[in-house]
Amino acid sequence: MFGYSIVQLARRHAGRLDRPLRHALVSMYKPMTRMPCIFHRWMERWLRKWRTISVLIEVDDAEGIEALAKAERDHFRMKTYHHFRHVSFYSARVTPAALEQLLEHPKVKKVYLNRTIKALLNNAVPSAHAKHVTVNGTELSGKGVTIAIVDTGIAPHPDLEGRIVAFADLVNGRTSPYDDNGHGTHCAGDAAGNGRMSDRLYAGPAYEANVVGVKVLDRSGSGTLETIMRGIEWCIDYNKKNPVKRIHIISLSLGGEPQPFPAENDDPLVQVAERAWENSIVVCAAAGNEGPNYGTIASPGISDRIITVGALDDRDTGATRDDDAVAPFSSRGPTEYGVTKPDLVVPGVNIISLRAPRSFLDKMNKQNRVGDYYMTMSGTSMATPICAGIVALMLQAKPNATPDEIKKALKDGADLWKGRDPNIYGAGYVNAKRAVERLLQR
């Protein structure tokens, strides 16, 4: 098998192909194990020219772009789809033959499998001290701040009425807000629901903030690396078109298995998340639900710049901290690159938030419904938008705060546990009131 040309391609260019792509290339030979050897050479020639695989191609400069265009001209089965404007990537479908031609050019930096990314699902607001946070006698509510929920969409809900200010569907191309999975709607409520249909009982921290729905995950809660990156890029471009009514925060309750790249910033999802951060958007990302094992932080939460959120179980005891503990499922650090993560922990167990009727999760989890308008879910997916809602309070208090200032104030204001492992607890348990105080002291 090692004599086959596609295997040789994967071995020869191992440093410029990410591990999932190398595995995918070698897996092309599986059907050949069930056919006579006499057909193998014919089958391999067919695979090289006809079999395609979805990838992301990172190029260095104009020469790399021209190499990409030439490969597309030379191989009729290759097709380029999307040019990312904020990071040097193109999405494409390539044959092994086209891939080999690309890798022969020095300006084609690296090629990645367009792998699957999933939603991270497995009495929070009072527990986080995010209720009745006041500055100069005014209660903070997130008013004037916009949170982008990059997820499965947002279904219209009475608790969000009049506050879904934009919607983008990168999965099905629809223009009106909807959520066929239910995960994104729940997350939107975690951050910004106003509790209208529960007499204000089930309200998020930023109950007057605006929300933007960016649908990047399908009905089953799955998406691709390309689609997630496009969703984050859409937020950056939205701000260029809407500088006055911009997106201030991106909430990412999704993630993929981190890959052992030579450096953290070789990860395409990390690159685009950090580009949003550099464009003054605070990015909150879920740590992942692969605990209690160490070294399980999901991408893009492995980034050393953005805010990575772990999940805490507050045992439904409100502001009482004595019985609180990190949820067993919450992913632990350190990252592959030695970075201590998560940054902090936020309630993420048995969170009651918005229900999207007739969505996939609503149908599959009828036992989780709470009345007609709400449902309960657990996961770092729920902790992340609660953190995003707290960030909205901080930005209302200090609109010109930078993402780095927000992150530092959140960590400095956290409630610490003495002797606890920072790769489990991060800087500690989020404390919204203290985070606002720390931010205003800067």
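In the predicted model described here, Trp50 lies in helix α3, which spans residues 40-50. With a relative accessible area of 39%, Trp50 is partly exposed, because a residue is classed in this way when its value falls between the 20% limit for buried residues and the 50% limit for exposed ones. Together with Trp42, Trp46 and Phe76, Trp50 forms a nonpolar patch on the surface, and the accessible area of these residues together is about 510 Å².

The overall form of the protein may be considered next. The protein contains 14 helices and 20 strands, and its C-alpha atoms fill a box of roughly 75 × 45 × 45 Å when the box is taken along the principal axes. For a chain of 442 residues, a compact globule would have a radius of gyration near 22 Å, and the value of 23 Å found for the protein agrees with this. Of the 442 residues, 60% count as buried, while the protein exposes about 18,100 Å², of which carbon and sulfur atoms supply 49%.

Among the aromatic side chains, six pairs are present in the structure. In one of them, the ring centres of Phe89 and Tyr112 are 5.6 Å apart and the ring planes meet at 55 degrees, so the pair is described as tilted. Phe89 belongs to strand β3 (residues 89-94) and Tyr112 to strand β4 (residues 108-113), so the pair ties together parts that are 23 residues apart in sequence. Both Phe89 and Tyr112 are buried, and ring pairs link these two residues with Phe261 into a cluster. An aromatic ring also takes part in a contact with a charged group at Tyr178, where the charged end of Arg174 sits over the ring at 3.6 Å from its centre.

The structure also holds 20 salt bridges, and the residues that form them differ in their exposure. The side chains of Glu66 and Arg73 meet in one such bridge, with a distance of 3.0 Å from N to O; Glu66 counts as partly exposed at 42% relative accessibility, whereas Arg73 is exposed, with a relative accessible area of 57%. In another salt bridge, the side chains of Asp180 and Lys215 meet at 2.7 Å, again from N to O. This pair links distant parts of the chain, since Asp180 is found in the loop between β9 (164-169) and α7 (183-192), while Lys215 is found in strand β10 (residues 210-215), 35 residues apart. Lys215 is buried, its relative accessible area being 0%.

Buried partners are also found in the salt bridge between Lys341 and Asp343, whose closest N and O atoms are 2.8 Å apart. Lys341 has a relative accessible area of 1% and is therefore buried, and Asp343, at 3% relative accessibility, counts as buried as well. Salt bridges that share partners join Lys341 and Asp343 with Lys407 and Lys411 into one network.

A further buried position is Gly255, which is placed in strand β13 (residues 254-255) and counts as buried at 8% relative accessibility. Although Gly255 and Thr224 are 31 residues apart along the chain, their C-alpha atoms are separated by 10 Å.

Note on methods:
Residues are numbered from 1 along each chain as its sequence is written. This is a predicted model: local features need pLDDT of at least 70, side-chain atom pairs count only at pLDDT 80 or more; totals for chains, interfaces and linings use all residues. Side-chain values use heavy atoms; hydrogens and water are left out. Rings of Phe, Tyr and Trp (its six-membered ring) pair if their centres lie within 6.5 Å; planes under 30 degrees apart count as stacked, over 60 as edge-to-face and the rest as tilted. Helices (H or I, at least four residues) and strands (E, at least two) are DSSP runs, numbered from the N terminus. Buried means under 20% relative accessible area, exposed over 50%, partly exposed in between (1.4 Å probe, protein chains only). A charge sits over a ring if NZ of Lys or CZ of Arg is within 6 Å of the ring centre and within 35 degrees of the ring normal. Patches are made of residues with over 30% relative accessible area and no salt bridge: like charges are joined within 9 Å, nonpolar side chains (Val, Leu, Ile, Met, Phe, Trp, Tyr) within 5 Å. Accessible areas come from the Shrake-Rupley method with a 1.4 Å probe; for residues, only the protein chains shown count as cover. A salt bridge is a side-chain nitrogen of Lys or Arg within 4 Å of a carboxyl oxygen of Asp or Glu. The radius of gyration is taken over C-alpha atoms; the globule rule is 2.2 Å times the number of residues to the power 0.38.
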